[in-house]
Amino acid sequence: MTNESNFGKVTHDNLPQAVEHLIKLLEVQVENQNKEIPIEKDEMNIEEVSSLIKKSISTVYRYTCQQSIPYTKIGNTLHFYRSEILEWMKLHKKKSIQDLYNEASIESFKVLNRD
């Protein structure tokens, strides 16, 4: 046991130091867990991707063949990551008429207000 190697046998005399050491170890462990995003929570199968993007499974397969959707292939298995799929969806978002109007208004304002 690691704690025994640092403190020998935990006794009444060294108990506060042993507890302090354990608290520091736990803090480091919690900090490391917060830094890492568990891949298994981010990883999706093709059915989940299909549901997320509201397209059929065959369409998702077609997107992978066209290499238009982010994926990883390991052996014969396709792996998708939620964060990558959401980013891909943002990049392929179609602008609404209101978005286009707002962009045009901003550009017109810039042109008219040049010094």
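**View 1. Methionine 44 meets phenylalanine 80 where S1 runs alongside S3.** In this predicted model, methionine 44 has phenylalanine 80 of S3 as its bridge partner. Just beside that pair, glutamate 43 sits opposite tyrosine 81, again in S3. Two bridges hold the pairing of S1 with strand S3 (residues 77-81), and the sense is antiparallel. Helix H6 (residues 82-91) packs on the sheet here, where H6 touches both S1 and S3. The direction of H6 makes about 70° with that of S3.

**View 2. Three strands make up an open sheet.** Read across the sheet and the order is S1-S3-S2, with antiparallel pairing. Strand S1 (43-44) and strand S2 (72-74) are the edge strands; each has a single partner strand, so one side of each goes without a neighbour in the sheet.

**View 3. A hairpin links S2 and S3.** Here the two strands run antiparallel and are joined by three bridges. Look for threonine 72, which stands opposite histidine 79 in S3. Two residues lie between the strands, and glycine 75 in the turn has a positive phi of about 65°.

**View 4. Asparagine 45 sits in the loop between S1 and H4.** How far apart are the C-alpha atoms of asparagine 45 and phenylalanine 80? They are separated by 6.3 Å, although the two residues are 35 residues apart along the chain. The side chain of asparagine 45 also has a polar atom 3.1 Å from the backbone nitrogen of glutamate 47. As for solvent, asparagine 45 is partly exposed, and its relative accessible area is 36%.

**View 5. Helix H5 (residues 57-65) has a buried face.** Which residues of H5 are buried? They are Thr59, Val60, Tyr63 and Thr64. Sight down the axis of H5 and these buried residues fall within an arc of 145°, so they line one face of the helix. What do they pack against? Their partners are helix H4 (46-53), S3 and H6. Flip to the other side of H5 and you'll find Ser58 and Cys65, which are exposed. Just after H5 comes glutamine 67, with a positive phi of about 55°.

**View 6. Lysine 24 and glutamate 20 form a salt bridge.** How many salt bridges turn up when the whole structure is searched? The search finds one. In the lysine 24 and glutamate 20 pair, the closest N and O atoms are 3.5 Å apart. Side chains of opposite charge can pair when their charged atoms come close. Both residues belong to helix H2 (residues 15-35), and because they are four residues apart, about one helical turn separates them. An α-helix has 3.6 residues a turn, so residues three or four places apart point the same way. Lysine 24 counts as partly exposed, at 48% relative accessibility. Glutamate 20 is partly exposed too, with a relative accessible area of 45%.

Notes:
Residues are numbered from 1 along each chain as its sequence is written. This is a predicted model: local features need pLDDT of at least 70, side-chain atom pairs count only at pLDDT 80 or more; totals for chains, interfaces and linings use all residues. Side-chain values use heavy atoms; hydrogens and water are left out. Two strands pair if DSSP finds at least two bridges between them. Contact means heavy atoms within 4.5 Å. Axes are lines fitted to C-alpha atoms, for helices over the stretch in contact, and angles run from 0 to 180 degrees between N-to-C directions. A salt bridge is a side-chain nitrogen of Lys or Arg within 4 Å of a carboxyl oxygen of Asp or Glu. Buried means under 20% relative accessible area, exposed over 50%, partly exposed in between (1.4 Å probe, protein chains only). The arc is that of the directions from the helix axis to the C-beta atoms. A polar contact is a pair of N or O atoms within 3.5 Å; within protein, one must be able to donate a hydrogen and the other to accept it, and residues adjacent in sequence count only if both atoms are side-chain atoms.
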